[in-house]
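Let's take a walk through this structure together, one helix at a time. Keep the viewer open so that you can follow along.

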Amino acid sequence: MATPGFHQRLHAANMRIDHGNAERAAGADEKAVTIAEEAERRGRGGAKSLAAELGVSEKTIFQAIARARRAGAPHRPLPADTLERLLAVEINTVPPLPAAEWQRLAHLVRGIFFDTTWVETQPGSLLADEVEEAAQDDGFDARPLADFLRGLSRTQALAVIDTCQSGDLTALPTQE
């Protein structure tokens with residue numbers, strides 16, 4: 001019998017692989033388009049001079065040009081650091097908590113396996129459920145922290161989770 005969460009973790013890993021493969025294909029298309037544009041810019045004999053410059057065969061250049069024709073419209077992704085920047089902005093909108101509560105939450109977060117469910121649902125509510133479960137074992141009053149977490153937006157909750165996982169608790173707003 002599989003361990004709890006096995007299928008979810010396996011699915012998450014496969015999703016990462018699929019994402020990586022899609023990124024690799026998009027990168028290859030972008031490279032092909034770049035080569036095709038440069039060969040065209042150089043005009044007659046452009047493919048030959050580009051092949052010599054890059055240290056590849058002319059056949060490789062013509063294959064890139066053919067791929068560029070099949071690539072269609074280029075995909076213009078967001079900047080690579082978009083997620084990090086978004087989470088940094090969101091963490092500044094989170095209401096403050098006492099430092100001890102952030103430490104308790106960070107300790108708890110480091111023991112949770114996060115999968116796509118956390119993004120697709122309400123991560124604040126899921127985190128609140130985890131806090132309430134931990135309170136049963138550790139004997140603390142979970143209600144204030146759980147209510148706080150349930151009040152966070154999806155992005156705020158993900159920013160809190162990300163910050164707790166990183167261990168940089170100084171980025172979290174604290175009450176005096």
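The paragraphs below go from some helix crossings to a helix with many buried residues, and then to a few single residues. Please keep in mind that this is a predicted model.

Let's begin with helix H1, which covers residues 6-42, and helix H2, which covers residues 46-54. Their axes come within 8 Å and cross at roughly 125°. An angle over 115 but not over 145 degrees counts as oblique, so H1 and H2 are oblique to each other. The crossing of these two helices is right-handed. On the H1 side, the contact is made by Ile35, Glu38, Ala39 and Arg42. H2 brings Gly46, Ala47, Ser49, Leu50, Glu53 and Leu54 to that contact. Sorted by class, the contact of H1 with H2 holds five nonpolar, two polar and three charged residues.

Now follow the chain from H2 to helix H3, residues 58-71. How do H2 and H3 pack, and at what angle? The angle is about 115°, and the axes are 8 Å apart. Since angles of 65 to 115 degrees count as roughly perpendicular, H2 and H3 are therefore roughly perpendicular to each other. H2 passes H3 in a right-handed crossing. Here Ala47, Lys48, Leu50, Ala51 and Leu54 of H2 meet Glu58, Ile61 and Phe62 of H3. By class, the contact of H2 with H3 has six nonpolar residues, no polar ones and two charged ones. If you select residues in your viewer, try Ala47, Leu50 and Leu54: they take part in the contact of H2 with H1, and they also meet residues of H3.

Next, turn to helix H9, residues 154-166. H9 has 13 residues and reaches 18 Å from its first C-alpha to its last, close to the 18 Å expected at 1.5 Å a residue. Which residues of H9 are buried? They are Gln156, Ala157, Ala159, Val160, Ile161, Thr163 and Cys164. These buried residues pack against helix H4 (82-91), helix H5 (99-109), helix H6 (117-120) and helix H7 (123-138). After H9 comes Gly167, whose phi is positive, near 85°.

Thr163 is a good residue to zoom in on within H9. Its relative accessible area is 9%, and buried means under 20%, so Thr163 counts as buried. Leaving out residues up to four places away in sequence, Thr163 touches Ile91, Asp168, Leu169, Ala171 and Leu172.

Helix H5 offers two more residues to look at, Ala106 and Leu108. Ala106 is buried, with a relative accessible area of 0%. Apart from its neighbours within four places in sequence, Ala106 is in contact with Cys164 and Leu169. Leu169 is also touched by Thr163. The C-alpha atoms of Ala106 and Val160 are separated by 8.8 Å, although these residues are 54 places apart along the chain.

Leu108 is buried too, with a relative accessible area of 18%. Not counting residues up to four places away in sequence, Leu108 touches Glu130, Val131 and Ala134. For a view across the model, pick the C-alpha atoms of Leu108 and Arg67: these residues are 41 apart along the chain, and the atoms are separated by 49 Å.

Technical notes
Residues numbered from 1 in each chain as written. Predicted model: local features only at pLDDT ≥ 70, side-chain atom pairs only at ≥ 80, totals over all residues. Heavy atoms only, no water. Helix = DSSP H or I, 4+ residues; strand = E, 2+ residues; numbered from the N terminus. Expected span 1.5 Å × (residues − 1). Buried < 20%, exposed > 50% of the residue type's maximum accessible area, 1.4 Å probe, protein only. Contact = heavy atoms within 4.5 Å. Axes fitted to C-alpha atoms, helices over the stretch in contact; angles between N-to-C directions. Parallel < 35°, antiparallel > 145°, perpendicular 65-115°, else oblique. Left-handed = near helix turned anticlockwise from the far one by under 90°. Nonpolar A, V, L, I, M, F, W, Y, C, P; charged D, E, K, R; others polar.
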